[in-house]
Amino acid sequence: MGPAGKDCRPFSSDGREARAGHGQHEEAEQEENEEKPRHLTPRRASDAGPSLSIDRVIHRVGVVGLGTMGAGIAQVSAQAGFETIGREVSEELCERARETIAHYVGRAVEKGNATAEERNATLGRLSFTTELADLADCDLVIEAIVEELEPKREVFAELDRLAAPDAILASNTSAIPIHSIAEATQHPERVIGMHFFNPAPLLPLVEIIRAEKSSDAALSAAFEWAEQAGKQPVRANDTPGFIVNRILIPTLNECIRLLDEGITVEDLDKAMTMGVGWPMGPCTLVDLVGIDIHIHAAEAMYEATGDERAKPPERLREMAAEGRLGRKTGRGFYEYTK
């Protein structure tokens, strides 16, 4: 039974298909991970945070924000066997996430990657709410809201007040310093980063990010949970861009600047896929991530490092001003049909 909040109904088990086209995930083959996780007892650390003791097993996971990344993270958690509750600001957005996840889990059945029973079990572990208070009994809460510092700080301050003292609070931010978010809480030792990659159900990497005051216990618990959720976690420090974006953003910017020197979009993508072995070209990748998202991450890195290579190319700003944001708007470097 779901918590007592708005729209906390779990999925029905009738296997209904939801409509596609919300732009929550790409139409990619998704490997299904239905193995029941062994519940996690995080390792103790002698130098853990001063007031936090992570000694509970992770049974229940909360996800705040159910857009592209949040819906994917909720799907990953439920497929791995964890009771999962997603929170959005309106019932309409909760229903959109519900339908999106149902669509992609249903596709796995159509492709023979999961049974109807497994689909129903996954969807049965999901519930939705519009109230942060309904996440109070979660052992791990992952925030995936808009990439702006102040809204994140507000959410974390409230979660810090509501959640149990040994609950872990994680941000999925790709660019905002974790310590800046943690400063809004009374218990920064339980605040960490968990940076998933899009689409979350498909891409295995998760960066587990240590902020200045993050406890070893919280980090170890999150790392083990990610492994049990079928992911490949790596440890990262709270530096600009963490690991992947620190390397990738300047590289993508340089690729895009080549377009101003007469290289075509098609030749640029072909060169990087055929010559370097990238699974997709830089223009295709930026279209997938979202032009606006890339600009925001690049601006944050440029502000933090002063590295001119991180500064967003003017071409991207012009595209964003025209509403050409990539796949989600149907037009970026390429045109897309839904």
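Which residue in strand 7 is the bridge partner of G193? In the predicted model described here, that partner is I209, and the pair belongs to the set of 4 bridges by which strand 6 (residues 191-196) and strand 7 (residues 205-210) are joined in an antiparallel arrangement. The wider setting of this pair is considered below, beginning with the protein as a whole.

The protein contains 11 helices and 8 strands, and of its 338 residues 54% are buried. When contacts between residues at least 6 apart in sequence are considered, 73% of them join residues at least 24 apart.

The sheet is open and consists of 8 strands in the order 3-2-1-4-5-6-7-8, with mixed pairing. Its edges are formed by strand 3 (126-129) and strand 8 (232-237), and because each of these has a single partner strand, one side of each is left without a neighbour in the sheet. On average, and with direction ignored, neighbouring strands of this sheet are turned by 25 degrees against each other.

At the edge formed by strand 3, the partner is strand 2 (residues 83-87), which runs parallel to strand 3 and is joined to it by 4 bridges; within this pairing, R87 has T129 of strand 3 as its bridge partner. Further along the strand order, strand 4 (residues 140-143) pairs with strand 5 in the parallel sense over 4 bridges, and E143 is placed opposite S171 of strand 5. Strand 5 (residues 168-171) directs I168 and A170 one way and L169 and S171 the other way, all of these residues being buried. Strand 5 is also joined to strand 6 by 3 bridges, again with the two strands running parallel, and here the bridge partner of L169 is V191 in strand 6.

Strand 6 shows burial on both of its faces, with V191, G193 and H195 on one side and I192, M194 and F196 on the other, all of them buried. Since 6 of the 6 residues of strand 6 are buried, this strand is largely enclosed by the rest of the structure. The G193 and I209 pair introduced at the outset thus connects strand 6 with strand 7, and strand 7 in turn pairs with strand 8 in the parallel sense over 6 bridges. In this last pairing, the bridge partner of I208 is R235 in strand 8.

Outside the sheet, F333 lies in the segment that follows helix 11 (314-321). With a relative accessible area of 13%, F333 falls under the 20% limit and is therefore buried. Apart from its neighbours within four places in sequence, F333 is in contact with I256, L259, V265, C283, V286, D287, I291, R315, L316 and M319. One of these residues, C283, is 50 residues from F333 along the chain, yet the C-alpha atoms of the two are separated by 6.1 Å.

Pockets were also examined, and the second largest has a volume of about 300 Å³. It is lined by 15 residues, of which A175, I176, P177, A300 and A304 are the closest to its centre. By residue class, the lining of the second largest pocket divides into 9 nonpolar, 3 polar and 3 charged residues.

Key:
Residues are numbered from 1 along each chain as its sequence is written. This is a predicted model: local features need pLDDT of at least 70, side-chain atom pairs count only at pLDDT 80 or more; totals for chains, interfaces and linings use all residues. Side-chain values use heavy atoms; hydrogens and water are left out. Two strands pair if DSSP finds at least two bridges between them. Axes are lines fitted to C-alpha atoms, for helices over the stretch in contact, and angles run from 0 to 180 degrees between N-to-C directions. On a 1 Å grid over the protein atoms alone, a cavity is a set of points where a 1.4 Å probe fits but cannot get out, and a pocket is an open set with protein on both sides within 12 Å along at least five of seven lines; lining residues have an atom within 4 Å of a point. Grid points are joined across faces, edges and corners, and a volume is the space filled by probe spheres set on the points. Ala, Val, Leu, Ile, Met, Phe, Trp, Tyr, Cys and Pro count as nonpolar, Asp, Glu, Lys and Arg as charged, and the others, Gly among them, as polar. Buried means under 20% relative accessible area, exposed over 50%, partly exposed in between (1.4 Å probe, protein chains only). Contact means heavy atoms within 4.5 Å.
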